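User: I am new to this structure and would like to know how its labels are reached. Please take me from the terms to the values.

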Amino acid sequence: MAARCRLAARFHHIHGANIHLDASHTQATRVESFANGLCFSQEPLAPGQIFLVEIEEKELGWCGHLRVGLTAHDPQSLEVVPEYSLPDLVNMGDSWVFAITRNHNRVVVEGEEVQARGQPWEPFLLIERVRIPRDTLVGRSRPGRYSHILDDLYKMNVLPATARRSRIGVLYAPQPDGTADMHIVINGEDMGPSARGLPTTRPLYAVIDVFASTKSVRVIPVDYGCRYLCPSLWHVRCGPGVGELWWGHPIVAKSGKVGVPLGRVIWDKRALGPCAAQVRSKVLLLGTV
């Protein structure tokens, strides 16, 4: 049985000049203008972990909406937080950001068949080997506040991506070639791989740009079971199951030794026989062979 996967559910203390964080660092509000609203996850994400936010406030008079993505830059290493995620942060390299629009967010990859859209009442969203409870991913109205309108939009799967109470998340899914695909999830629906070729050997932080008409967002914590093969171990051919990691669970490697020193999972070819290791969801899989 898969372990429960606790997500990084706070914003980093490094953020744009116009952002105010609440005391819990779970709500980010742009206090003026339309820019300088860049935020990051408090910690780098692990494979298959989603960083999910809900739009809490909108502001009329601006053109543009929330922007979401990933960056390999440690926020603490930035001399100055960029004014915009697009193009400023992206132009720094090793950053991938997707501009959310009201209606057109689905990515169609050339040469691949368009996958059928999952029905909104299906209990789980499946992305690669990640299985996330859909109910948490979908925004709901608060009791007594337009609940009949928003809940009907949800049932019909037509709640606009940029509406209040919409929930938008980002995660990365490792691939066999050692890179990863970035996926944007909007109200429980996967928009497809919005970026490919991301490095899995570097920490990847979530990027949330509280831009223009998006005034305030709140982080939504999600618990779910997930497992992923450490990308750095994919080329170790010691038999099936080698390097398979269940978040938060003891695992047994069929060959070699798995340890977690200094926040890294390291494969030690010199060790003989199986061993068990406790892997925490906050440990980033940056293994070496």
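Analyst: Rings of Phe, Tyr and Trp, the last by its six-membered ring, pair if their centres lie within 6.5 Å. Planes under 30 degrees apart count as stacked, over 60 as edge-to-face and the rest as tilted. The model is predicted. In it, Phe 34, Trp 62, Tyr 84 and Phe 211 form one aromatic cluster, and the structure holds five aromatic pairs.

User: What makes the pair of Phe 34 and Trp 62 tilted?

Analyst: The ring centres of Phe 34 and Trp 62 are 5.1 Å apart, and their planes stand at 40°. The distance is within 6.5 Å, and the angle is neither under 30 degrees nor over 60, so the pair is tilted. Phe 34 belongs to the loop between strand 3 and strand 4, while Trp 62 belongs to the loop between strand 5 and strand 6 (67-71), so the pair ties together parts 28 residues apart in sequence.

User: Why is the pair of Phe 34 and Phe 211 called edge-to-face?

Analyst: Here the planes are at 75° and the centres 6.1 Å apart. The centres lie within 6.5 Å and the angle is over 60, so the pair is edge-to-face. Phe 211 lies in the loop between strand 13 (205-209) and strand 14 (214-220), so its pairing with Phe 34 ties together parts that are 177 residues apart in sequence.

User: Which of the words buried, partly exposed and exposed fits Phe 34, Trp 62 and Phe 211?

Analyst: Buried means under 20% relative accessible area, exposed means over 50%, and partly exposed is in between. Phe 34 has 27%, so it is partly exposed. Trp 62 has 36%, so it is partly exposed as well. Phe 211 has 7%, which is under 20%, so it is buried.

User: How do you know that a charge sits over the ring of Phe 211?

Analyst: The charged end of Arg 67 is 3.9 Å from the centre of that ring. The cut-off for the distance is 6 Å, and the charge must also be within 35 degrees of the ring normal. Arg 67 is listed as sitting over the ring. Another such case is Arg 131, which lies over the face of Phe 124 at 3.6 Å from the ring centre.

User: What makes strand 10 mostly covered?

Analyst: Strand 10 spans residues 167-174, and eight of its eight residues are buried. Arg 167, Gly 169, Leu 171 and Ala 173 point one way, and Ile 168, Val 170, Tyr 172 and Pro 174 point the other way. Strand 14 is also mostly covered, with six of its seven residues buried.

User: How do you know that strand 10 pairs with strand 5 and with strand 11?

Analyst: Two strands pair if there are at least two bridges between them. Strand 5 (residues 51-58) and strand 10 are joined by four bridges and run antiparallel. One of the matches is Glu 54 with Arg 167. Strand 10 and strand 11 (residues 179-186) have seven bridges and are likewise antiparallel; Pro 174 stands opposite Ala 180 there. Their hairpin has four residues between the strands, and in it Gly 178 takes a positive phi near 90°.

User: Which strands pair with strand 14?

Analyst: Strand 3 does, in the antiparallel sense over three bridges, with Gln 27 opposite Arg 218. Strand 5 does too, antiparallel and with six bridges; Val 53 has Val 219 as its bridge partner.

User: Why are Asn 36, Asp 94 and the bond between Leu 86 and Pro 87 worth listing?

Analyst: Most residues other than glycine have a negative phi, and most peptide bonds are trans. Asn 36 has a positive phi near 55° and is in the loop between strand 3 (27-30) and strand 4 (38-40). Asp 94 has a positive phi of about 55° and is in the loop between helix 1 and strand 7 (95-99). With a relative accessible area of 34%, Asp 94 is partly exposed. The bond joining Leu 86 and Pro 87 is cis, with omega about 5°, and Pro 87 lies in helix 1 (residues 85-91).

User: What are the totals for the protein as a whole?

Analyst: The protein has three helices and 21 strands, and 51% of its 289 residues count as buried.

Conventions
Residues are numbered from 1 along each chain as its sequence is written. This is a predicted model: local features need pLDDT of at least 70, side-chain atom pairs count only at pLDDT 80 or more; totals for chains, interfaces and linings use all residues. Side-chain values use heavy atoms; hydrogens and water are left out. Buried means under 20% relative accessible area, exposed over 50%, partly exposed in between (1.4 Å probe, protein chains only). Helices (H or I, at least four residues) and strands (E, at least two) are DSSP runs, numbered from the N terminus.
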